[in-house]
Amino acid sequence: MVMKVIIFREPPIDNNNYLLIDEESREAALVDCSANDPEIRKTLAENDAKLKYILLTHGHFDHIAGIRPNEAQIVMHKSDLIQLKSANMYLPAFGMPEITIPKIDIFINDGDVLSLGKKEIKVIHTPGHTQGGVCYLVENKLFSGDTIFKEAVGRCDLEGGDFSQIVESIQNKIFTLPAETEIYPGHGKMTTVAWEKEHNQFL
């Protein structure tokens with residue numbers, strides 16, 4: 001059965017949030033949750049799907065601001081707790097209301113596998129943008145958060161950032177995936193491993 005991928009681009013920083021729906025089990029996962037968007041719940045209802053996970057690629061405020069209590073199991077790497085807990089320091093500067101800092105239900109590590117119906121969600125720890133940054137691989141689709149963008153990489157000048165580390169993460173973990181692997185970044189357009197190997201000037 002096909003897995004649906006539906007993109008919600010959320011202001012004010014144009015974050016990409018990805019709703020994954022396994023059409024066989026009707027289980028769903030949301031990769032990052034930047035805004036409390038009623039269209040996401042509407043889409044779940046239209047597909048008769050239940051949200052099982054909110055998969056956080058990292059703990060920055062613009063990736064967590066839409067999380068509502070008890071909506072799904074919230075998944076994150078433990079090394080980003082410091083970013084998660086400091087979210088309210090940054091939200092007002094972008095005209096966003098302060099939030100109740102969400103409780104993480106599942107702490108993940110490199111190599112962990114979560115299930116969405118019969119499909120596997122593989123966790124790839126890719127520190128560099130933050131220390132707890134991760135990508136999620138489902139079939140041939142990599143949800144990369146702010147680790148890698150089309151022809152760019154995540155900024156490394158914030159707390160927990162390390163440029164040499166992000167380059168190592170991309171080269172040793174993302175670029176070892178098959179060339180046709182599709183990359184769905186936290187901001188901007190989709191790309192592929194093959195394209196980034198050829199065109200990403202930072203790597």
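In the predicted model, Cys33 is buried, with a relative accessibility of 3%. Its sulfur lies 19 Å from the closest cysteine sulfur, that of Cys135, which is too far for a bond. Cys135 is likewise counted as buried, at 1% relative accessibility. For Cys135, the closest cysteine sulfur belongs to Cys156, at a distance of 13 Å, and this separation is also too far for a bond. Because a disulfide requires two cysteine sulfur atoms within 2.5 Å, neither the 19 Å separation of Cys33 from Cys135 nor the 13 Å separation of Cys135 from Cys156 qualifies. A search of the whole structure accordingly returns zero disulfides.

Cys33 is also one of the residues in contact with Ile54, when neighbours within four places in sequence are left aside. The other residues contacted by Ile54 on this basis are Leu30, Ile67, Glu71, Ala72, Gln73, Ile74 and Val75. Ile54 belongs to the largest nonpolar core, a set of 26 residues, and is listed with Leu19, Leu51 and Leu56 as having the most contacts inside it. Two or more residues of this core are contributed by each of strands S2 (15-22), S3 (27-31), S4 (50-55) and S5 (73-77), and by each of helices H1 (38-46) and H2 (81-85). Another core, of 18 residues, lies apart from the 26-residue core and includes Tyr18, Val31, Tyr53 and Leu116.

Strand S2 also contains Asp22. This acidic residue is buried, with a relative accessible area of 1%. The side chain of Asp22 is joined to that of Lys119 by a polar contact of 3.1 Å. Beyond neighbours within four places in sequence, the residues in contact with Asp22 are Val2, Met3, Glu27, Leu116, Gly117, Lys118 and Lys119. Leu116, among these contacts of Asp22, is also a member of the 18-residue core.

Further along the chain, strand S10 (residues 141-145) and strand S13 (residues 182-185) run parallel and are joined by four bridges. Within this pairing, Gly145 is positioned opposite Pro185 of S13. Strand S13 is additionally paired with strand S14 (residues 191-192), in an antiparallel arrangement with two bridges. Here Ile183 stands opposite Thr191 of S14. Strands S13 and S14 form a hairpin with five residues between them, and in this hairpin Gly188 adopts a positive phi near 85 degrees. Strand S13 thus pairs with S10 in parallel and with S14 in antiparallel orientation.

Conventions. Residues are numbered from 1 along each chain as its sequence is written. This is a predicted model: local features need pLDDT of at least 70, side-chain atom pairs count only at pLDDT 80 or more; totals for chains, interfaces and linings use all residues. Side-chain values use heavy atoms; hydrogens and water are left out. Buried means under 20% relative accessible area, exposed over 50%, partly exposed in between (1.4 Å probe, protein chains only). A nonpolar core is a set of buried Ala, Val, Leu, Ile, Met, Phe, Trp, Tyr and Cys residues joined through side-chain atoms within 4.5 Å. Contact means heavy atoms within 4.5 Å. Two strands pair if DSSP finds at least two bridges between them. A polar contact is a pair of N or O atoms within 3.5 Å; within protein, one must be able to donate a hydrogen and the other to accept it, and residues adjacent in sequence count only if both atoms are side-chain atoms.
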